[in-house]
Amino acid sequence: MREIPPEVAAVAFPRISDEDLAEIAECPAAVRRSWKAGERLFRTGDRDVPFFIILSGEVEILDESGPEPQTIVVHDRGKFTGEIGWLTGARAIASAVAKTDAETFAFSQASLRELINLAPGLGDVILTALITRRQLLKDSGEFVGLRV
């Protein structure tokens with residue numbers, strides 16, 4: 001994707017603080033998961049994809065709709081996956097692969113709602129990021145995404 005202005009990138013790809021990560025670790029809905037480099041977290045078109053918060057390592061988000069996969073973004077500690085379609089139960093519009101060995105928290109839609117109820121400020125950050133990401137993809141002119 002083309003260069004994103006820093007002020008927009010800060011909204012679309014915020015970093016969850018270490019303090020908030022510690023609070024999230026206390027949430028019963030947070031499921032820890034480990035990934036080996038090259039392992040897929042999800043594929044374009046998958047349903048019921050968890051929401052992932054990266055604790056360590058890197059997770060690459062890929063647009064695999066063209067002849068060659070294109071990196072949309074690489075998430076590291078404190079970053080999270082998703083875009084607004086995730087909240088509506090839409091199929092995944094991109095794929096995610098562990099670029100390095102990684103550890104994540106995974107949340108279903110229901111368990112993310114539980115987290116947002118426990119930490120509404122964090123919920124605002126997440127929701128704003130998910131909306132902004134979808135708009136960036138739409139405005140990029142480069143993203144094709146899932147085709148039927």
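Glu 83 is buried, with a relative accessible area of 8%; buried means under 20%, exposed over 50% and partly exposed in between, using a 1.4 Å probe and protein chains only. Before going further, some ground rules: this is a predicted model, where local features need pLDDT of at least 70, side-chain atom pairs count only at pLDDT 80 or more, and totals for chains, interfaces and linings use all residues. Residues are numbered from 1 along each chain as its sequence is written, and side-chain values use heavy atoms, with hydrogens and water left out.

**Salt bridges**

Back to Glu 83: its side chain pairs with that of Arg 134 in a salt bridge, 2.6 Å from N to O. Here a salt bridge is a side-chain nitrogen of Lys or Arg within 4 Å of a carboxyl oxygen of Asp or Glu. Arg 134 sits in helix H4 (residues 120–140) and Glu 83 in the loop between S5 and S6, so the pair ties together parts that are 51 residues apart in sequence. Helices (H or I, at least four residues) and strands (E, at least two) are DSSP runs, numbered from the N terminus. Unlike buried Glu 83, Arg 134 is partly exposed at 31% relative accessibility.

The structure has six salt bridges, and three of them are tabulated here, including the one just described.

| Basic residue | Acidic residue | N to O distance | Separation in sequence |
|---|---|---|---|
| Arg 15 | Asp 76 | 2.8 Å | 61 residues |
| Arg 77 | Asp 18 | 3.1 Å | 59 residues |
| Arg 134 | Glu 83 | 2.6 Å | 51 residues |

Arg 15 belongs to the loop between helix H1 (6–12) and helix H2 (18–25), while its partner Asp 76 is in the loop between strand S5 (70–75) and strand S6 (95–98). Both ends are partly exposed: Arg 15 at 48% and Asp 76 at 28%. Arg 77 is also in the loop between S5 and S6, and reaches Asp 18 in helix H2. Arg 77 has a relative accessible area of 36% and Asp 18 one of 47%, which makes each of them partly exposed.

**Around His 75 and Glu 60**

His 75 lies in strand S5 and is buried, at 2% relative accessibility. A polar atom of the His 75 side chain is 3.2 Å from the backbone oxygen of Phe 80. Leaving out residues up to four places away in sequence, His 75 touches a set that includes Phe 13, Ile 54, Val 59 and Arg 133, where contact means heavy atoms within 4.5 Å.

Glu 60, in strand S4, is a buried acidic residue at 15%. What joins the side chains of Glu 60 and Thr 71? A polar contact of 2.3 Å does, the term meaning a pair of N or O atoms within 3.5 Å; within protein, one must be able to donate a hydrogen and the other to accept it, and residues adjacent in sequence count only if both atoms are side-chain atoms. The C-alpha atoms of Glu 60 and Ala 96 are separated by 5.6 Å, though the two are 36 residues apart along the chain. Glu 60 also touches Lys 99, a residue in the loop between S6 and strand S7 (102–107) that is partly exposed at 44%.

**Cores and pocket**

The largest nonpolar core has 22 residues, and those with the most contacts inside it are Leu 41, Phe 42, Phe 52, Val 59 and Ile 61. Such a core is a set of buried Ala, Val, Leu, Ile, Met, Phe, Trp, Tyr and Cys residues joined through side-chain atoms within 4.5 Å. Strand S2 (40–42), strand S3 (51–56), strand S4 (59–63), S5, S6, S7 and H4 each supply at least two of its residues. A second, separate core of 20 residues includes Leu 55, Trp 86, Phe 107 and Ile 126.The largest pocket has a volume of about 410 Å³. On a 1 Å grid over the protein atoms alone, a pocket is an open set of points where a 1.4 Å probe fits, with protein on both sides within 12 Å along at least five of seven lines, and lining residues have an atom within 4 Å of a point. Grid points are joined across faces, edges and corners, and the volume is the space filled by probe spheres set on them. Of the 28 lining residues, Phe 42, Thr 81, Gly 82, Glu 83 and Trp 86 are the closest to the centre of the pocket. S5 and H4 are the elements that give two or more residues to the lining.

**One backbone detail**

Asp 48, in the loop between S2 and S3, has a phi near 55°, a positive value in a residue other than glycine. Asp 48 is exposed, with a relative accessible area of 74%.
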